[in-house]
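Good morning, and thank you for coming. I would like to take you through one protein structure, beginning with a bond and then moving to the interior.

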Amino acid sequence: SCSSISDDNSEFWLSTDDSPLKLQLLALVGKTGTEWTAPGEFEKYASQTSRPVRLSAQKRYFFEVIHKQNDRGTDHVEVAWQLLDRDFRFMVIESNHISLYVNESALLLSDVAHIPQTAASHQHAPTKQHSAAADMLGKDPRDTLYQVPLINSKFLQGVLPDCSYQPSYTIKDFPLLRYQGLQFVCVYIVSLFYLHSYCFLQFTLFFRAHYSHIKGPEYSVLELEELENHTKTQISSDSWATRKGKSTDTSGQRAWSDTEGEEEQAGKEDEVHNRAVNRKHIGEDERDSLWGPGTDLEGTDDEDLTPAPVFDTEVNWSQTFQVNHLDLQAQRSDWIDLHCNVSGNLLLHSSDALPMVKAFMDQLNEKNHGRFTLVRVVNVVKRVDGVQGSRYLLELELKDVDGQLLRLSHYIYTLIRYSRRRSKEFGFQRSKPQLVLCNPVGFRWNPVATVHFIVPVKNQARWVQQLIADMEQLFRETRDTNFNLIITDFNSTDMDVRKALQKSSLPRYEYVKLGGNFERSAGLQAGVDLISDDHSIVFLCDLHIYFPPSIIDTIRKHCVEGYMAFAPIVLRLDCGATPLEARGYWEVNGFGLLGIYKSDLDTVGGMNTREFTDRWGGEDWELLDRILQAGLEVERIYLRNFFHHYHSKRGMWNRHMKQ
C-alpha cells in the first residue's frame with residue numbers, strides 16, 4: 001500500500017507501467033483545501049492509504065504527485081509505502097528508488113513540450129454554470145454583448161440635442177499633494193452636497209474654495225438640500241424636456257445594471273449634516289470627557305479594586321422578534337471604501353434605468369420612423385453628478401425592421417437646468433430643476449480603436465507563456481485584429497521571449513529588449529514609445545492577469561480621448577483559486593491596470609521613469625495624480641471575470657536568492 005501525506009491537499013497517481021496514459025489515482029489528502037496532515041501522519045484520513053498494489057523490482061512505473069498549498073502554515077508533501085519485508089511500516093520512498101522522467105537540466109523554463117498531458121494534472125475544466133454561487137461566475141448577457149454587431153452611428157445622429165459636457169467633479173490644474181488623487185477617485189461619483197466621510201468632506205471644502213468663481217445660480221443651504229431632493233425624485237416620462245416620439249414597451253425587461261453611483265435615500269440630509277456639525281465642534285472639554293470631567297486621580301491607593309459583580313441577562317423564552325426588510329444597496333454610498341474589498345458594484349435600480357431607456361428609445365424611433373424595437377436592456381452604467389447632471393452608458397439589444405439583432409452602447413447626458421419665476425411675495429424664485437436628455441458633444445467612444453497591452457517582464461517564463469496563450473485565445477474568441485501585445489523584456493534568461501512571440505498565432509505583437517534590473521515604469525514607457533498612433537489606447541498591464549473575452553471592447557467603451565481614462569478594479573484570486581472557482585478580494589487600492597489614450601498619456605507626461613527606477617509600487621498613484629490634474633476623469637468599475645492570479649514572488653524581478 002501507498003500513503004500520501006501533505007499540508008495541504010495532495011494526490012498520488014500511479015501507472016501500471018512506465019506510460020503516463022495509464023495513471024490511476026491511488027491516494028489523496030482531501031479536496032476542499034482545508035485538509036492537511038503533519039509529517040509522518042500516514043493514517044489521518046482513510047483516503048490517504050491506497051489498496052494493496054503489486055510492484056516488480058524489474059519494472060519502471062510512472063507516477064505523478066499533485067500538491068496544493070495555501071499561503072499559511074508549513075508546506076510539505078511525502079509519499080510512503082508499506083513493503084512486505086519491512087513489518088508493514090510506512091516508509092517514505094527514498095531517492096534511490098526514483099529516477100527522472102525527463103532530465104530538464106538543459107531545458108529552459110519555457111520548454112514545456114516534454115511534459116506529459118495526463119489525467120492527473122491536465123483534466124479539462126468544467127464550464128461555468130447558471131447556478132454559480134456568485135453572480136460573476138454565472139453566465140450573463142453582459143459577457144457576450146461584444147459579439148452583437150453595433151448599430152450604425154448614422155442612426156444616432158440628431159436623436160438628442162447637443163450639449164456641452166462639463167462635469168463638476170473634474171479638478172483640472174488643482175495642485176494635488178503626492179498620491180492625493182486617490183482620495184478624489186474614491187469620491188468622484190458622490191453628490192457634492194453630502195458629507196459621507198472625511199474623504200468627501202475634504203473634497204467638498206476643496207470644491208467650494210477653488211470653484212467658487214464658476215458662473216451659475218447661487219445656492220443657499222436650503223436650496224442645495226432642495227436640489228438634492230429633486231434629483232432623487234423618480235423621473236417620469238413627463239419630466240423630460242425632449243420631443244415625444246413613439247413609445248417602446250420595456251415592461252417585463254430585466255435591467256442588468258452596474259453603476260458607479262447610486263443616489264442615497266431621501267430624508268438623510270439632517271442626519272448627515274448634524275453628524276458633520278457635531279464632529280466639527282468637538283472641543284477640548286468633550287475630548288477630556290473620555291476620562292471623565294475633572295477627574296482627580298490622587299488618593300486612589302485606598303480605592304477598592306475588587307471587580308464589580310457581573311450578572312447574566314435573564315432569558316425570556318416567550319420573547320419573539322420582528323425583522324424589517326433591509327435593502328443593503330440603499331445603505332451603501334458611492335464612495336469606494338478602501339477598507340472594504342469584498343463588495344462589488346452598486347446596483348442601479350430599474351426605476352432609474354428603465355425611464356432613461358424609454359426616453360431615449362422614444363427619441364430614437366421618432367428620428368428613425370419606428371425602425372428599432374427594444375429586445376433587452378443588457379446594462380446601464382451611471383456616473384452621478386448632482387450639480388451639472390448625470391451621465392449614462394446605455395447598453396441595449398435592439399432589432400431593426402429587417403429582423404437583425406443590433407447592439408447599442410451609447411453615452412447620454414441628463415443636463416440639470418433651472419429657470420427663475422417671479423413671485424409677488426418673494427421676488428424671483430427658482431423653479432424645480434428640469435432634466436434635459438442630450439448628447440454630450442465630444443464624449444464618444446471609438447469602437448475600432450487599437451488597444452495596446454503593454455507588459456514588462458523579467459525571468460517569468462511560465463507566466464509569459466501563459467500570457468501569450470491567453471492572448472491567442474482572446475484572438476480566437478473575438479477575431480478582433482485591432483489589439484496589440486507589447487512585451488518589454490529586461491533581458492530574461494529563462495526563455496526566448498521574442499521566439500515565443502514569433503511562434504504564436506497573435507495577429508500583432510511587438511517586442512523590445514531592455515537591460516539592467518526590472519523597472520516597471522521604464523518598461524511600460526518603453527512600450528508606449530513604440531506606439532506611433534496617438535489616437536490608439538494604451539493599456540498598462542501586469543503579467544499575471546486573466547482577461548475575459550470582452551476585455552478589448554470594455555476598454556474601448558470606458559476610454560474617451562480627451563475626457564476619460566479607465567482603471568478597472570481587478571479581483572485578486574486567493575491561493576488555490578482559479579477563474580472558474582474564483583475566491584479572493586477586489587484590489588481597490590491599485591491603479592496599475594490602466595487604459596488611456598496615447599495622446600492623453602503623452603499630455604500628462606507619460607510614466608515617471610526618473611523617480612521610480614529600481615522599485616515598483618506608487619508609480620500608479622503618482623500617474624493618477626497627473627491624470628486628474630490634467631482634467632481627465634478616471635472611470636472605476638469592478639470588472640466581471642477580470643482576475644489577478646495568485647503567484648509566488650520567489651525569483652521575481654529584483655529579488656535575490658539567499659546564499
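Please look first at Cys163 and Cys438, which form a disulfide with their sulfur atoms 2.1 Å apart. For those new to the term, a disulfide is a covalent bond between the sulfur atoms of two cysteines. I should say at once that the model before you is predicted.

Which parts of the chain does this pair link? Cys163 lies in strand β7, residues 162-163, and Cys438 lies in strand β15, residues 434-440. The two cysteines are 275 residues apart, and the pair thus links distant parts of the chain. A search of the whole structure finds one disulfide.

What is the handedness of this disulfide? The torsion about the S-S bond of Cys163 and Cys438 is about 70°, so the disulfide is right-handed.

Are its two cysteines buried or exposed? A residue counts as buried when its relative accessible area is under 20%. Cys163 has a relative accessible area of 9%, so Cys163 is buried. Cys438 has a relative accessibility of 1% and therefore counts as buried. Two further cysteines may be judged by that cut-off: Cys541, at 0%, is buried, and Cys559, at 0%, counts as buried.

Let me now turn to the chain as a whole. The protein chain contains 14 helices and 26 strands. Of its 659 residues, 46% are buried. The accessible surface comes to about 36,400 Å², and carbon and sulfur atoms account for 50% of that surface. Consider also the contacts between residues at least 6 apart in sequence: 73% of them join residues at least 24 apart.

We come next to the interior. In soluble globular proteins, nonpolar side chains tend to be buried together. In this model, the largest nonpolar core has 52 residues. Which residues have the most contacts inside it? They are Phe453, Leu485 and Phe547. Helix α9, residues 461-478, gives the most to this core, with seven residues.

Phe547 deserves a closer look. Leaving aside residues up to four places away in sequence, Phe547 touches Phe453, Leu467, Met471, Phe539, Cys541, Asn641 and Phe642. Cys541, mentioned earlier as buried, is thus one of the residues that Phe547 touches.

Finally, there is a second, separate core of 27 residues. Val528, Phe591, Met607 and Leu628 are among its members.

Thank you for your attention.

Terms used: Residues are numbered from 1 along each chain as its sequence is written. This is a predicted model: local features need pLDDT of at least 70, side-chain atom pairs count only at pLDDT 80 or more; totals for chains, interfaces and linings use all residues. Side-chain values use heavy atoms; hydrogens and water are left out. Helices (H or I, at least four residues) and strands (E, at least two) are DSSP runs, numbered from the N terminus. Buried means under 20% relative accessible area, exposed over 50%, partly exposed in between (1.4 Å probe, protein chains only). Contact means heavy atoms within 4.5 Å. Accessible areas come from the Shrake-Rupley method with a 1.4 Å probe; for residues, only the protein chains shown count as cover. A disulfide is a pair of cysteine sulfur atoms within 2.5 Å. A nonpolar core is a set of buried Ala, Val, Leu, Ile, Met, Phe, Trp, Tyr and Cys residues joined through side-chain atoms within 4.5 Å.
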